[in-house]
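Please open the model in your viewer and set the display to cartoon, with side chains available on selection. The tour below proceeds one selection at a time.

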Amino acid sequence: MRKVIDKIIEILCTLIMGYMVLDVCWMVIARFVLKNPSTTSEEVLRYLLVWTTMIGGAYAYGRRKHLSITMLTKKLSFRGQKILDIGVQAIVIVFCVIVMILGDLRLVQTTSNQISSALHLPMPYVYASILVGGILIVFYSIIFILEDLKAIRNPEIETAKQ
């Protein structure tokens, strides 16, 4: 399941970034060559950047490519490292559920009648990126907890990997 989700995110972010490059090129051509700036391109780029940030951030988290401070972790035993990681993942899940998922559901409900100025796009579609990012981070955190529990039960398998 994780590999499928990772592949979908990779493809989606690649397609969005490719479209964003083409859109920026179009904006430059429209503004400076055709002397007729595009009114919707900037808004499209802004919203796609938000979506790419939320999805890409979750993907980076799932690859453990996020910023982390390992000073304390390195001083712990293997078992201690795994227990600390489980605790951190639990805190991340609580944060994502409260702030990103429940908070975003409230935000989507509050903005349900708002539309964007240039595209006339309902704003909940834009804000849904926070919800999707939060769900993906919770998904990856649960996977990390399961991996840590497995490593605690079978430490010899983990030490052989390292």
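**The nonpolar core**

This is a predicted model. Begin by selecting I9, Y61, C96, L136, I137 and Y140: within the largest nonpolar core, which has 21 residues, these touch the most other members. Next, colour the elements that give two or more residues to this core, namely α1 (2-33), α2 (41-62), α4 and α5. Of these, α5 provides the largest share of the core, with 8 residues.

Now centre the view on I9. Which residues does I9 touch, leaving aside those up to four places away in sequence? They are I55, Y59, L136 and Y140.

**Helices α4 and α5**

Two packed helices are described by the angle between their axes and the distance between the axes. Select residues 78-110 for α4 and residues 123-153 for α5; the two pack at an angle of about 160°, with their axes 8 Å apart. An angle over 145 degrees counts as roughly antiparallel, and α4 and α5 are therefore roughly antiparallel to each other. Their crossing is left-handed. Displaying the contact of α4 with α5 shows 27 nonpolar, 4 polar and 5 charged residues.

**Helices α2 and α5**

Keep α5 selected and add α2. The axes of α2 and α5 come within 8 Å and cross at roughly 5°, which makes α2 roughly parallel to α5. In the contact of α2 with α5, colouring by class gives 18 nonpolar residues, 4 polar residues and no charged ones.

Notes
Residues numbered from 1 in each chain as written. Predicted model: local features only at pLDDT ≥ 70, side-chain atom pairs only at ≥ 80, totals over all residues. Heavy atoms only, no water. Axes fitted to C-alpha atoms, helices over the stretch in contact; angles between N-to-C directions. Helix = DSSP H or I, 4+ residues; strand = E, 2+ residues; numbered from the N terminus. Parallel < 35°, antiparallel > 145°, perpendicular 65-115°, else oblique. Left-handed = near helix turned anticlockwise from the far one by under 90°. Nonpolar A, V, L, I, M, F, W, Y, C, P; charged D, E, K, R; others polar. Core = buried A, V, L, I, M, F, W, Y, C linked by side-chain atoms within 4.5 Å. Buried < 20%, exposed > 50% of the residue type's maximum accessible area, 1.4 Å probe, protein only. Contact = heavy atoms within 4.5 Å.
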